[in-house]
Amino acid sequence: MSVDYATETATVVKLGSRIGARVDGVRLGGELDADTVALIQNALHEHKVIFFRGQDHLTEDGQYEFAELLGAPTTPHPTVTSKGVKSLPIDSEYGRANSWHTDVTFVDRIPKASILRAVHLPTYGGSTTWASTVAAYESLPAPLKVLVENLRARHTNTYDYAADRTDTHAPNEQGRAYREEFESTYYETEHPVVRVHPVTGERALLLGHFVKNFVGLTAAESQTLFQLLQYRVTKLENTIRWNWQLGDVAIWDNRATQHYAIDDYDGQPRRLTRITLAGDIPVGVDGQSSTIISGNAEHYSIVEEVAQRAA
């Protein structure tokens, strides 16, 4: 680990060469000064996911007020509207997100970032892993880059959770009800497989478990290519794993990462609260934006206006 940069009170400690940093010396809330907010924004863009220890003082209101300093919070979820007003509970009673994904890619206006706060943790296990989709793209050989830069993929909220994993926990009544609400309105959006980050100009793979298929490819071809690309995303060198403690907060750039909640806590209760920030509509290397196939997400989020950098 090394100290990356600092203000008078805050320091950014790099945790991995491709992804991850810890920010020390910051008390999160709505009262942060502009220099500290800028440091957090810069650290997020550079390191893709950043962590804060010792935020035990933070409440849902405080988490929301802090989120407002970084952008415009969305409603908790496009379809799951019964669980919260300001934040979405990430609760093991409703299901386990132990599958690689980028948040809410089935809508056109994908959130730019998510802020996750630990509320109740199991006595062991329950860590979360993030992967850099920028590092994944950059590691592709030139012929694969040419292929994916010209591909588009359909994302939907009726994906198969169990397609690529073995779950030992059958869904309970709460879990089944949550899944029904999750799928209550059908969304499908066509995104470029490589998106250009509107702030950094970096190119990132836009994939994850909401992908239905690649446009122009058969189901079998889509599955084969998806696995090939996902392997690049989740290569261990592109990842970082965080072992949660109470009082921890994680923020990730949803335009440049995927994440996976590790289900290794034997059914113990696990609860975190997530607030997402409004993002832009992805733009591919060719300058073409994502397009809606089905569903209107205007009630969920504004579209953040960001000047797109040249790729």
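**Entry 1: helix α1**

I began with helix α1 (residues 34-47) and checked its length: at 1.5 Å a residue, its 14 residues should span 20 Å, and I found the end C-alpha atoms 20 Å apart, so expectation and model agree. I note here that the model is a predicted one.

I then looked up which residues of α1 are buried. The list comprises T36, V37, L39, I40, Q41, A43, L44, H45 and H47.

Next I inspected both ends of the helix. At the start of α1, I found a side-chain oxygen of D33 within 3.1 Å of the backbone nitrogen of D35. Just after α1, I recorded a positive phi of about 75 degrees for K48.

**Entry 2: the sheet containing β7**

I turned to an open sheet of three strands and noted the order β13-β7-β15, with antiparallel pairing. I recorded β13 (239-242) and β15 (257-261) as the edge strands, each of which pairs on one side only. From one strand to the next, the twist averages 20 degrees.

I also looked up the pairing of β7 with β15: the two strands run antiparallel and are joined by five bridges.

**Entry 3: T128**

I located T128 in strand β7 (residues 128-132). Across the pairing, I found T128 opposite A261 in β15.

Is T128 buried or exposed? I read a relative accessible area of 3% for T128; buried means under 20%, so T128 counts as buried.

I then asked which side chain makes a polar contact with the side chain of T128. The partner is the side chain of R270, at 3.1 Å. R270 also appears among the residues in contact with T128 once neighbours within four places in sequence are left aside. The others I listed for T128 are I240, R241, W242, W244, H259, Y260 and A261.

**Entry 4: T239**

I located T239 in strand β13, which is an edge strand of the sheet.

For T239 I read a relative accessible area of 17%. The cut-off for buried is under 20%, and T239 is therefore buried.

What does the side chain of T239 reach? I found that the side chain of T239 reaches the backbone oxygen of L236 at 2.8 Å.

Finally, I listed the contacts of T239, again leaving aside neighbours within four places in sequence: I19, W100, T129, W130, A131, V233 and T234.

Methods:
Residues numbered from 1 in each chain as written. Predicted model: local features only at pLDDT ≥ 70, side-chain atom pairs only at ≥ 80, totals over all residues. Heavy atoms only, no water. Helix = DSSP H or I, 4+ residues; strand = E, 2+ residues; numbered from the N terminus. Expected span 1.5 Å × (residues − 1). Buried < 20%, exposed > 50% of the residue type's maximum accessible area, 1.4 Å probe, protein only. Polar contact = N/O pair within 3.5 Å; in protein donor to acceptor, adjacent residues only side chain to side chain. Contact = heavy atoms within 4.5 Å. Pairing = 2+ DSSP bridges. Axes fitted to C-alpha atoms, helices over the stretch in contact; angles between N-to-C directions.
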